[in-house]
Amino acid sequence: MTVETLIDAVLAREGGYVDHPADRGGETRFGITAAVARANGYDGAMRAFPVAMAREIYRRLYWEQPRFGAVDRLAPTVAAILFDTAVNMGPAVATGFLQRALNALNRGARDYADVALDGVIGAATLAAVTGFLARRGAAGEAVLGKAIEALRGERYVALAERRPADEAFLYGWLDNRIG
């Protein structure tokens, strides 16, 4: 699966223009908030935000900058989950989920060293992914993906518990974002 395929899936899931009153992010188009669009040079009405700009933002901010392409070369299924998580929760949160899962799955650092929970994909995080896959094989990639999705699901429930207005989104988050 290419990053373009992942972007296509996000665009299909996010749809066009939305301005839900319970959404703290405000207006979105193609899943891009007005704040993100403005921070990336767009100054028009969100109803007219171009899909080409959404694609560029998704590629740059949610794939290239967090270095999910480096994970993709090792574990493409995990990279796809990270990308979608980043789109919905931010790249640092997605990477933090990966790091937490890797630390919890390393059997007390016997399989590979713990990684810092810094939300950054660097050499240590990539070494941990490599170590995990060397120990657990191809089936391990699916388990690592499940661990990330479990953390993601827990965060969605916690968001709805803390802010009742987010209950309007919980069903859709769980239905569309958890595999």
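This report describes the salt bridges, the nonpolar core, one helix, the largest pocket and a few single residues of a predicted model.

## Salt bridges

The structure contains eleven salt bridges, and three of them are set out in the table below.

| Salt bridge | Closest N to O distance |
|---|---|
| R59 and E4 | 2.6 Å |
| D84 and R177 | 2.4 Å |
| R107 and D111 | 2.9 Å |

In the salt bridge between R59 and E4, the two side chains meet with N and O 2.6 Å apart. R59 belongs to helix α3, which covers residues 51-64, while E4 belongs to helix α1, which covers residues 3-14, and the pair thus links distant parts of the chain that are 55 residues apart. Both partners fall into the middle class of accessibility: R59 is partly exposed at 24% relative accessibility, and E4 is partly exposed at 30%.

The salt bridge between D84 and R177 has its closest N and O atoms 2.4 Å apart. Because D84 sits in helix α5 (residues 76-89) and R177 in helix α8 (residues 167-177), this pair ties together parts that are 93 residues apart in sequence. Are these two charged partners buried or exposed? D84 has a relative accessibility of 8%, and therefore counts as buried, since the cut-off for that word is under 20%; R177, at 6%, counts as buried as well. Through shared partners, salt bridges also join R13, E14, D84, R152 and R177 into one network.

In the pair of R107 and D111, R107 is partly exposed, with a relative accessible area of 30%.

## The nonpolar core

In soluble globular proteins, nonpolar side chains tend to be buried together. In this model the largest nonpolar core has 53 residues, and those that touch the most other members are F49, Y58, F83, L98 and I148. Which helices supply at least two residues each to this core? They are α1, α2 (34-39), α3, α4 (68-72), α5, α6 (91-104), α7 (123-162) and α8, and among these contributions the largest share, eleven residues, comes from α7.

F49 can serve as an example of a core residue with many partners, for when its neighbours within four places in sequence are left aside, F49 is in contact with R29, F30, I32, A37, Y42, A54 and I57.

One of these partners, F30, deserves a closer look. F30 is placed in the loop between β2 (28-29) and β3, and with a relative accessible area of 13% it is buried. Most residues other than glycine have a negative phi. F30, however, has a positive phi, near 60°, although it is a residue other than glycine. A positive phi, of about 70°, is also found at R67, which is not a glycine either; R67 lies in the loop between α3 and α4 and is partly exposed, with a relative accessible area of 37%.

## Helices α6 and α7

Helix α6 has 14 residues, which at 1.5 Å a residue should span 20 Å, and the C-alpha atoms at its ends are indeed 20 Å apart, so the expected and computed values agree. Within α6, the residues A94, T95, G96, F97, L98, Q99, A101, L102 and N103 are buried, and the elements that cover the buried residues of this helix include α4, α5 and α7.

Helix α7 contains L133, which counts as buried at 18% relative accessibility. L133 and A75 lie 58 residues apart in sequence, yet their C-alpha atoms are 8.3 Å apart in space. Apart from its neighbours within four places in sequence, L133 is in contact with L74, A75, G140 and E141.

## The largest pocket

The largest pocket has a volume of about 950 Å³. Its lining consists of 30 residues, of which E14, D23, T28, N88 and W173 lie nearest the centre of the pocket; E14 is also one of the members of the salt-bridge network described above. Which elements each supply at least two residues of this lining? They are α1, β3 (32-33), α3, α5, α7 and α8, and α8 gives the most, with five residues.

Note on methods
Residues are numbered from 1 along each chain as its sequence is written. This is a predicted model: local features need pLDDT of at least 70, side-chain atom pairs count only at pLDDT 80 or more; totals for chains, interfaces and linings use all residues. Side-chain values use heavy atoms; hydrogens and water are left out. A salt bridge is a side-chain nitrogen of Lys or Arg within 4 Å of a carboxyl oxygen of Asp or Glu. Helices (H or I, at least four residues) and strands (E, at least two) are DSSP runs, numbered from the N terminus. Buried means under 20% relative accessible area, exposed over 50%, partly exposed in between (1.4 Å probe, protein chains only). A nonpolar core is a set of buried Ala, Val, Leu, Ile, Met, Phe, Trp, Tyr and Cys residues joined through side-chain atoms within 4.5 Å. Contact means heavy atoms within 4.5 Å. The expected span of a helix is 1.5 Å times one less than its number of residues. On a 1 Å grid over the protein atoms alone, a cavity is a set of points where a 1.4 Å probe fits but cannot get out, and a pocket is an open set with protein on both sides within 12 Å along at least five of seven lines; lining residues have an atom within 4 Å of a point. Grid points are joined across faces, edges and corners, and a volume is the space filled by probe spheres set on the points.
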